[in-house]
Amino acid sequence: MNQQTGKTVDEGISYIHTDAEAGAYAVFVVSSSGSSTTESFTLTVSIDEAGSYDGDEPNDSPFEATVVSGNTVNASLHVVNDQDWYAVQVGETGIYSAEAGSGTAEIYYAVTGNKMVLAPKFGLFNYHLEAGITYYVKVFSDKTLDQFASADYTLKLEYLTRYETMETAFDYGSWEDSRMMFPDTVPIGQQTAYYKFTIDPEDHAYANLTIYESDKVFIGVLNSAGKLLQYASVNMPDIPDNGIITRRSGRKYLVADMDGSTIGTVGYIMVLKADRTDLYSDPSLDNRIATGYNTFSFSGTAQNSGGGLSSAITLNLSNNSSIPPYAYVADIYTEGIISSRVLDVNHWLNPGGAGWIKATSGLIEDGQFRDIDTTYGIIAARQSWQFAYYQTALQRTTMSRVKMKMEWKYDINMTNYESYQ
């Protein structure tokens, strides 16, 4: 029975006439049980040219199937109703393709009563086969009598399963290099695939997968022990929808965060489909930490009476829309115009009144505050800032037209996983 067509398997029988003289034969068609006792059928009889059959004939039924040990068979179809049957066992459970060149291949297994049932089939050529079971491969022509031409064929059974376990996961290497790695396509019919990566403790990344309306898919981030840390899913039975985003382009994605501090050195991405009917794309691993910058101007003039820190001028960035929400400072560069070029001048900044920070370098009218995030920790970009300058000279000076070029970082999980606009 072919469940996809609702039809029984066409039966065939062949006989090789080896006598020197012509012979007369009778063909009987009988039914022992089932609806075929009352339904009509078509009987096709073909007689080939002498000696043109292949070496495995007669193998036109599962009872006469040729036992094969490898995954390749060379044979031929010489008449339109020729069937070649082969018995085979596979070494590994998984997805296999069955193709026969000029012929058509179908794979069956036997159930009680010697009934042939089509093996689970996905797409045009893929079957899910289990190790230890005897399968029967039928090769035939699906052409009509007028279209048929005698031809050789090569039957190939190819193991297609890829990355189905953590042990056989595709290895991206470092997640940062994943864009340069190209895993094989996961075949139609396979439900689960794993992808391995390495990550540093300070890294923040995310796994994402393009999805379509009919998809039923799950993507999870696992540590090396297989513990699920983050996940995203859509339309999965018994799993709540999670991590679904729609980008400005209108495309939909599943996203799951990857944090090196919780994963450890080695992590895995698991992709799971609810069924075996369609393909899914490979997951992409991308950086969550984006950067940006802008230049801002302080109002007012800082005044220094000499030999100390000047008065402070203020710049309020608390509601500045050019800065992403929750952005934090990476580097700052300040510049201003001093009324008199005295020596030993240093620029200072005070974020949110938390305390003064001295520039790491600079010359009188310039200040450089490098690696603020690694030196002082997380300092929010959106807040009020104060500027002052220190000088050792005892004369009175002022500094005006003070500007601050700020470079910041932000986690794009706060901006729908897109660059901030």
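Patches are made of residues with over 30% relative accessible area and no salt bridge, like charges being joined within 9 Å and nonpolar side chains (Val, Leu, Ile, Met, Phe, Trp, Tyr) within 5 Å. The model is predicted, so local features need pLDDT of at least 70 and side-chain atom pairs count only at pLDDT 80 or more, while totals for chains, interfaces and linings use all residues. Residues are numbered from 1 along each chain as its sequence is written, and side-chain values use heavy atoms, with hydrogens and water left out.

**Exercise 1. Determine which residues form the nonpolar surface patch that includes Val-27, and state the accessibility of Val-27.**

Step 1. The patch consists of Val-27, Val-29, Phe-41, Leu-43, Val-45 and Ile-47. Together these residues have about 670 Å² of accessible area, computed by the Shrake-Rupley method with a 1.4 Å probe, and for residues only the protein chains shown count as cover.

Step 2. Val-27 is located in the segment before β1 (66-67); strands (E, at least two residues) and helices (H or I, at least four) are DSSP runs, numbered from the N terminus.

Step 3. Val-27 has 54% relative accessibility and therefore counts as exposed (buried is under 20% relative accessible area, exposed over 50%, partly exposed in between; 1.4 Å probe, protein chains only).

**Exercise 2. Establish the strand order of the open five-stranded sheet and identify its edge strands.**

Step 1. The order is β2-β10-β4-β8-β7, with antiparallel pairing; two strands pair if DSSP finds at least two bridges between them.

Step 2. β2 (72-77) and β7 (121-122) are the edge strands, each pairing on one side only.

Step 3. Within the sheet, β4 (residues 94-99) and β10 (residues 151-159) are joined in the antiparallel sense by four bridges. Ala-98 stands opposite Leu-157 in β10.

**Exercise 3. Describe how the side chains of β27 are arranged, and name a strand with which β27 pairs.**

Step 1. In a regular strand the side chains alternate between the two faces of the sheet.

Step 2. In β27 (residues 366-369), Gly-367 and Phe-369 point to one face and are buried, whereas Asp-366 and Gln-368 point to the other and are not.

Step 3. β27 pairs with β24 (residues 328-338) in the antiparallel sense over four bridges, and Tyr-333 stands opposite Gln-368.

**Exercise 4. Characterise the surroundings of Asp-282.**

Step 1. Asp-282 lies in the loop between β18 (266-273) and β19 (284-287), and its relative accessible area of 27% makes it partly exposed.

Step 2. Leaving aside residues up to four places away in sequence, Asp-282 touches Tyr-172, Pro-183, Asp-184, Tyr-195 and Leu-209 (contact: heavy atoms within 4.5 Å).

**Exercise 5. Trace the salt bridges of Asp-286 and Arg-288.**

Step 1. A salt bridge is a side-chain nitrogen of Lys or Arg within 4 Å of a carboxyl oxygen of Asp or Glu. By this rule the count is ten.

Step 2. Asp-286 and Arg-179 form one such bridge (2.7 Å, N to O). Asp-286 lies in strand β19 and Arg-179 in the loop between β11 (170-174) and β12 (192-198), so the pair ties together parts 107 residues apart in sequence. Asp-286 is buried at 14% relative accessibility, whereas Arg-179 is exposed at 51%.

Step 3. Arg-288 meets Asp-257 in a salt bridge (3.9 Å, N to O), and both residues are buried.

Step 4. Arg-288 also bridges to Asp-259, with the closest N and O atoms 3.1 Å apart. Salt bridges that share partners join Asp-257, Asp-259, Arg-288 and Asp-411 into one network.
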